[in-house]
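Please look over the sequence and the model below, and then follow the description from one local feature to the place where two chains meet.

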Amino acid sequence: MSFLGFGDENMRCREVARKLSAFLDEELSREEYLRVQRHLEMCALCRKEYEKFALVRAVARKLGDITPRVVPGEGFSLERAFRSVRRVRVLWALVAVLGLFVALLFFWGWQRASLEEQILDVEHFAAFSEDVLTRGKVRVETLEFLAGEYR
Amino acid sequence: MHMAEEHALPLGKTLEEERAWFEAQVKECEAHLLRFAYYLTGNTERAKDLVQEAFLRAFQYRHSFDHRYPFENWVSAILLNIHRQREKKDRFLKFFSAFWQAEQEDEEDFAEQLEDEGEGPETIALKRQVIRDVYRCIERLPAKMKEVMVLCDIMGYSYEEASEVIGCPIGTVRSRLHRARRYVKKALEAAYGDELLGLWG
């Protein structure tokens, strides 16, 4: 197929190539269909392309004729479908409740840990204060002793 | 397809009557929809699941069904929408799951079901191989092209019916189908070269 294309007075190869698929399915207007048909009678290269398209379609159609084994033993029943939806919903509700419970447990644990930390801090502060006060007392006594010596 | 009167929902009737009407419609098109779902998903279990959800959603929105159009096409459109939503979710999951591929593999080689019509073992083996190759090509098509090719080529819908199901103009169906077939044709040309035209008889 040349760049400019071979064709009758109205249609070139490139234009035909775009319409081959619709031509194959007879989904073109009567006028367009006849123009493509005329072109195909004259152009061997486009005819070859057309045959390849036809092959692809034929194989795909054959594929459609082969029914995959997906038909279930028992047909669709609304009752059964609703039951399965309810089952899934109950399952999700259980998962949600469980998730909430775990989240609450974590929150409770975290709160408790933080309270314990606060208590530890208080104890630590008390010990520190006592130490400072004791050391302060020692320092005052030392000062008094030194003052007596001086006197 | 079917006559419009057969599909008319018994409006103003009891829920039981509506259910009976719905189940009768479902019975007619279930096998067809299963095939459609199978070719979209490429997996038996996912296809069954998809059809189940499509029917449920169809029942939920049964009052919006326009009985001038075939019931089958209406449910096909619903099924396609659910499939698209699931594909989006799957893309998201695939991004995070390295083990996704293992789950995707399917079990059935349905090309084996192609019957020998007195053509000889070599020819039938070659035909089966071509069917497998075309199926693989269709599976790998971009989603929009795949939808059109499954509807028009595999399921045998007209452009108009396909445009109803997909929800796009006929011109879009035409161009997508052309591109999809060209893609498959190129893949076959690459695989079989000049022998391509002699493959199918």
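In this predicted model, Gly167(B) adopts a positive phi of about 80° at the position just after H8(B). The helix that comes before this glycine, H8 of chain B, spans residues 159-166 and is mostly covered, with six of its eight residues buried. Those buried residues are Tyr159(B), Glu161(B), Ala162(B), Ser163(B), Val165(B) and Ile166(B), a list in which Glu161(B), counted as charged, stands beside residues such as Val165(B) and Ile166(B) that count as nonpolar.

From this helix we can turn to the interface of the two chains, where 39 residues of chain A are in contact with 45 residues of chain B. Together chain A and chain B bury about 4,000 Å² between them, and 69% of this area lies on carbon and sulfur atoms.

Polar and charged groups also take part, since the count between the two chains is twelve residue pairs in polar contact, both residues being at pLDDT 80 or more. Three salt bridges are found across the interface of chain A and chain B, and in a salt bridge between Glu49(A) and Lys185(B) the side chains come to 2.8 Å, N to O.

On the side of chain A that touches chain B, the elements that give two or more residues are helix H1 (13-24), helix H3 (44-65) and helix H4 (78-150) of chain A. Of these, H3(A) gives the most, with 16 residues. Sorted by class, this side of chain A has 20 nonpolar, six polar and 13 charged residues.

Notes:
Residues are numbered from 1 along each chain as its sequence is written. Chains are lettered from A and ligands numbered from 1 in the order in which they are written. This is a predicted model: local features need pLDDT of at least 70, side-chain atom pairs count only at pLDDT 80 or more; totals for chains, interfaces and linings use all residues. Side-chain values use heavy atoms; hydrogens and water are left out. Contact means heavy atoms within 4.5 Å. Buried area is the accessible area (1.4 Å probe) that two parts lose on being put together, summed over both. A salt bridge is a side-chain nitrogen of Lys or Arg within 4 Å of a carboxyl oxygen of Asp or Glu. A polar contact is a pair of N or O atoms within 3.5 Å; within protein, one must be able to donate a hydrogen and the other to accept it, and residues adjacent in sequence count only if both atoms are side-chain atoms. Helices (H or I, at least four residues) and strands (E, at least two) are DSSP runs, numbered from the N terminus. Buried means under 20% relative accessible area, exposed over 50%, partly exposed in between (1.4 Å probe, protein chains only).
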